[in-house]
There are 2 protein chains.
Amino acid sequence: MNEQIQQQHKYNTEEEVFNEIIPGYQLTIDKILKTGITLFPNNEIVYWPPNGRRLHFTFKEFNERVNRLGWVLKELGVISGDPRRMGTRVAIFDWNTHRFLELLYAVPMYGAVLQPVNIRLAPEEIIYVMNKSRDEVAFVNADFLPLIKAIAPKLEYLRKIVVMHDGEEPIKIERISNAEVYDYEELMKEAREFNYPEELDERTVMVMMYTSGTTGLPKATIFRHREIVLHAIAVLIIAVWNWYPAHYLRFTRNAYNPLGEPSLLLVPFYHVLGWGAPYYNIMGGTPKIVLPGRYEWNHIIRLIKEEKVKNAGGVPTMLYLMLNSPELKDVDLRGFLWSLGGAAATKGLIEEARKRGVILTNGYGLTETAPVVIAPTLSPDLIMNLSEEELQELVVNSIGKPLPFVQARVVDEEGRDVPKDGKTVGELVLRAPWITLGYYGDPEKTRAAFKDGWFHTGDLATWDERGFIYIVDRAKDVIKSGGEWISSLKLESLISLHPAVAEVAVIGATHEKWGERPVAIVVLRPEFKGRVKEEDIINHVRTFVDEGVIPKWWVPDKVIFVDELPKTGAAKIDKKVLRDRYRDVLIK
Amino acid sequence: MNEQIQQQHKYNTEEEVFNEIIPGYQLTIDKILKTGITLFPNNEIVYWPPNGRRLHFTFKEFNERVNRLGWVLKELGVISGDPRRMGTRVAIFDWNTHRFLELLYAVPMYGAVLQPVNIRLAPEEIIYVMNKSRDEVAFVNADFLPLIKAIAPKLEYLRKIVVMHDGEEPIKIERISNAEVYDYEELMKEAREFNYPEELDERTVMVMMYTSGTTGLPKATIFRHREIVLHAIAVLIIAVWNWYPAHYLRFTRNAYNPLGEPSLLLVPFYHVLGWGAPYYNIMGGTPKIVLPGRYEWNHIIRLIKEEKVKNAGGVPTMLYLMLNSPELKDVDLRGFLWSLGGAAATKGLIEEARKRGVILTNGYGLTETAPVVIAPTLSPDLIMNLSEEELQELVVNSIGKPLPFVQARVVDEEGRDVPKDGKTVGELVLRAPWITLGYYGDPEKTRAAFKDGWFHTGDLATWDERGFIYIVDRAKDVIKSGGEWISSLKLESLISLHPAVAEVAVIGATHEKWGERPVAIVVLRPEFKGRVKEEDIINHVRTFVDEGVIPKWWVPDKVIFVDELPKTGAAKIDKKVLRDRYRDVLIK
């Protein structure tokens with residue numbers, strides 16, 4: 001071994017090796033659209049809002065509108081970016097419409113930056129967000145004109161507003177505060193053919209998204225083309241992969257239907273880009289993408305029936321709303337596939353869905369992770385050795401395993417892997433090709449989130465010897481009682497199994513002796529109101545103590561009945577508000 | 001529109017925007033292996049050579065061997081590269097074995113460069129290739145020791161040879177020419193745990209592969225990690241996607257088998273990395289990867305039976321060999337999936353395969369394209385509107401549509417799209433994220449291949465209004481008769497339909513009046529030898545003139561019967577040799 005290799009450094013500088021390098025091919029959003037229109041030119045996009053006309057476009061027609069929209073952006077003076085300089089930030093205030101979908105392609109293809117605004121935020125938060133991003137152009141659904149009028153005077157950078165609506169007559173507003181106002185469809189009519197940049201650098205920033213803000217002020221995550229494209233590819237792989245057992249996304253051709261299933265895009269596009277569905281559905285060849293416009297459950301039920309939708313997804317609250325709409329009581333939901341995400345579903349909700357024949361899928365992600373990073377993938381040995389029931393339990397109880405190219409670990413406070421015993425709790429940390437670059441203008445939080453080169457989720461988890469990961473609780477939600485952990489998530493799941501409970505949140509309330517003790521905030525189903533008491537709930541939880549499911553000291557100290565639970569803009573239960581409200585309920 | 005946006009350039013330099021950028025996540029080969037062992041730790045790799053022991057490893061055990069191999073590379077003095085400097089070139093002389101598979105991961109993960117040697121090349125070509133690449137280390141299957149001994153004195157850079165064999169006793173050779181000799185398994189025994197670089201740059205070169213050389217000297221294509229990883233991802237997507245109709249790769253879980261099918265890796269790894277199978281099979285969770293070692297058809301038949309293989313692929317010649325092995329006559333091949341590639345299959349071969357119940361898939365690629373870039377993807381509208389028979393015809397006659405992220409065009413000599421009429425012939429040009437960076441040390445050929453920013457395949461094609469692409473001929477193989485084109489491919493396909501024809505090649509022979517005229521070189525099936533004459537073949541071709549399939553002037557001027565056709569290292573018919581041999585057969 002002593003004769004070392006020495007030729008190495010004499011000759012192969014880049015020039016000598018390659019002589020001539022071909023221009024790099026970039027992973028940019030236009031490639032997703034090109035793939036869709038090349039492979040599936042006649043697939044459909046349907047926009048059908050409540051009380052409105054049903055519009056439909058083939059992928060090819062959609063592409064033509066995206067092309068015209070490029071011209072519109074140019075006419076508006078939008079500036080294109082590159083890896084060292086972000087393009088114009090373009091705010092969007094809209095429901096899930098075909099126009100929002102057009103913007104999700106046109107803005108990044110132009111080289112500008114999407115800034116989808118969470119319309120459920122408080123006006124003050126929206127002002128904060130838009131000024132922080134320096135949004136200069138806003139595309140606004142007419143439904144949000146009152147909102148934009150109210151906040152416009154405080155928007156420091158806004159110069160142009162484009163109003164989007166389904167009416168025949170153009171909007172007749174010239175200015176709102178300092179901004180000129182235009183009509184979307186009028187601009188589209190005037191638009192000529194546009195040549196998008198042929199090869200944008202994949203490191204160009206394409207979207208700025210704010211975390212939903214369950215803790216503190218919204219933080220701006222930044223993603224480049226590369227991240228969003230790689231996320232879409234990976235979701236497509238697991239979607240077409242994990243069809244067995246029948247727990248998986250079915251937007252693309254699958255074992256049950258060679259055509260794929262019509263998909264209803266319910267997750268708001270302003271919420272982590274509708275979990276990426278606007279991209280992977282077009283690349284994956286969904287035969288029909290259904291866009292519901294403004295959320296009205298009666299209308300959504302109608303869409304599900306008339307468009308033959310068999311595939312949708314959203315946070316548990318949405319599923320709860322669907323299952324509990326009186327209008328839906330007589331609709332056959334057997335075989336409907338619901339992709340859960342955004343928050344953990346309680347056992348009660350899961351059982352309710354199963355009773356109706358709804359097939360549930362699971363997954364895990366955060367705004368910072370684009371979002372999907374973990375989902376159940378069952379290896380051949382598990383499929384062979386576990387019963388169908390055991391497989392289903394695994395898919396619903398665990399969040400699964402990392403997606404292709406994702407690395408996930410559960411670590412202790414020193415960053416060491418905790419034992420893979422399914423018991424020892426640690427923090428879930430991640431590496432993936434589509435995690436945010438960091439928080440815009442917030443180096444400290446960026447540094448804290450990425451310490452040791454791993455993204456720290458703030459979620460407490462366990463993993464088992466097979467590598468399946470289980471979420472125990474958000475680090476911020478876990479209850480610390482006498483130095484020991486109590487999982488609010490677990491308690492919520494158990495309480496939800498009580499037949500009278502519609503929704504529940506468990507928080508840690510300050511306790512003089514134990515530091516914190518669990519308190520359950522419960523919404524009862526209408527028919528049980530006034531008939532169920534605190535001790536009924538407590539006794540219900542005690543049965544799980546008797547069965548050995550939880551320790552005795554996990555039983556909540558108090559149950560509070562309320563008419564509704566506060567929600568965040570992403571329709572998750574807002575525990576921050578609940579903690580502020582009930583923190584001191586055990587003191588005095 | 002006159003009020004321009006001017007805020008733009010004041011503030012957002014990269015520093016201000018990101019403050020702190022997290023370290024980039026790279027698309028490198030280690031991520032493929034990590035995905036495989038995370039999701040499918042207990043999937044299997046079987047190495048079972050002719051007259052040898054059956055060895056098997058789980059993906060997890062395989063990963064442990066890859067880890068030790070990193071240590072071996074270090075001990076050998078292999079040097080790691082980066083985007084500006086290639087690492088040590090590591091030549092490999094081997095059949096498809098588990099050791100070759102280990103090298104396909106370990107060498108790039110180390111940062112060095114794979115140089116799989118086409119063992120079918122002439123010794124002089126191998127010397128040319130190894131000196132051009134400056135191979136310093138060679139891993140050599142003991143079967144090729146005579147070859148390496150013969151050429152070693154002419155290998156300018158070779159310093160270390162590692163011998164791989166299945167015997168119990170270590171190899172007892174100290175030197176071959178200037179190179180020190182080691183024993184693979186002995187080095188592995190001594191190896192300690194190795195830490196591969198944690199995050200290699202994806203722009204690091206990982207493989208140098210030579211085109212099979214049907215025209216001129218072999219050219220060295222160069223690929224980085226990024227290209228090979230993106231190719232594996234895209235093939236995985238279409239493989240799990242296009243299961244309908246039943247024409248597709250089934251190595252991963254699918255509609256027919258939730259476990260996926262055991263896959264036999266027949267395409268030699270030295271031939272475009274076995275078409276990428278060593279990577280997408282591990283990432284895609286193939287339950288069992290079967291490696292046959294030295295090619296012996298009787299042994300391969302045994303593997304197919306005993307390992308329950310239902311999935312393999314290779315050039316048409318391999319399929320021909322499988323279908324025509326006497327040992328296979330009584331083996332039930334119904335449902336066996338064969339992925340065709342590397343060359344066009346004749347109609348005769350396709351019919352023969354169908355009679356045996358073998359399901360054929362199609363695809364298109366070149367060494368320069370890593371290789372797969374085009375394959376049949378059927379959109380929902382086609383599946384709904386065409387009959388099963390029409391779909392099957394489409395899948396076999398057309399090479400399909402571009403893979404996700406691939407752009408393909410058929411262009412005239414000025415680079416303009418030819419009409420999408422299924423008739424007008426042009427050159428197939430490509431853009432894709434996994435096309436070679438260029439030819440090593442050959443700027444002129446690189447420039448010629450990539451003129452206008454598109455890779456020029458040299459293949460003549462048509463496309464139809466649906467976007468399906470049809471190969472007419474290699475530009476070099478097309479026959480120019482009186483200024484008009486004759487497709488050698490089409491003639492071969494028609495001649496192959498004659499029951500006596502085993503193999504056929506059609507070339508253009510020099511003709512004083514027409515410039516070139518077609519000449520058919522035919523191998524007859526043994527039972528027809530001496531019983532079929534030139535005029536039988538000519539009359540057979542004339543029936544297609546009568547049916548209007550081809551014009552009258554396409555009928556070959558001459559048929560030459562031979563005992564076998566010359567083949568290239570990639571088992572394709574070597575038309576260059578045929579042209580040299582028969583070019584002047586019409587002159588005198």
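Select helix H3 of chain A to begin: Ile29(A), Asp30(A), Lys31(A), Ile32(A), Leu33(A), Thr35(A), Gly36(A) and Leu39(A) are buried there (under 20% relative accessible area, against over 50% for exposed and partly exposed in between, with a 1.4 Å probe and protein chains only). The model is predicted: local features need pLDDT of at least 70 and side-chain atom pairs count only at pLDDT 80 or more, whereas totals for chains, interfaces and linings use all residues. Residues are numbered from 1 along each chain as its sequence is written, chains are lettered from A and ligands numbered from 1 in the order in which they are written, and side-chain values use heavy atoms, with hydrogens and water left out.

Extend the selection to residues 29–39 of chain A; 8 of the 11 residues of H3 are buried, so this helix is largely enclosed by the rest of the structure. Helices (H or I, at least four residues) and strands (E, at least two) are DSSP runs, numbered from the N terminus.

Turn next to chain B and display E16, E17 and E18, 3 strands that form an open antiparallel sheet in that order. Its edges are E16 (364–365) and E18 (401–402), each of which pairs on one side only; pairing requires at least two bridges found by DSSP. Strand E17 (residues 372–375) is joined to E18(B) by 2 bridges, and Ile374(B) stands opposite Pro402(B).

Finally, select Pro499(B), in the loop between helix H17 (488–495) and strand E25 (501–511) of chain B. Pro499(B) is exposed, at 56% relative accessible area. Leaving aside neighbours within four places in sequence, Pro499(B) is in contact (heavy atoms within 4.5 Å) with Arg525(B) and Phe528(B). Add Gly348(B): it lies 151 residues from Pro499(B) in sequence, yet 8.2 Å away in space, C-alpha to C-alpha.
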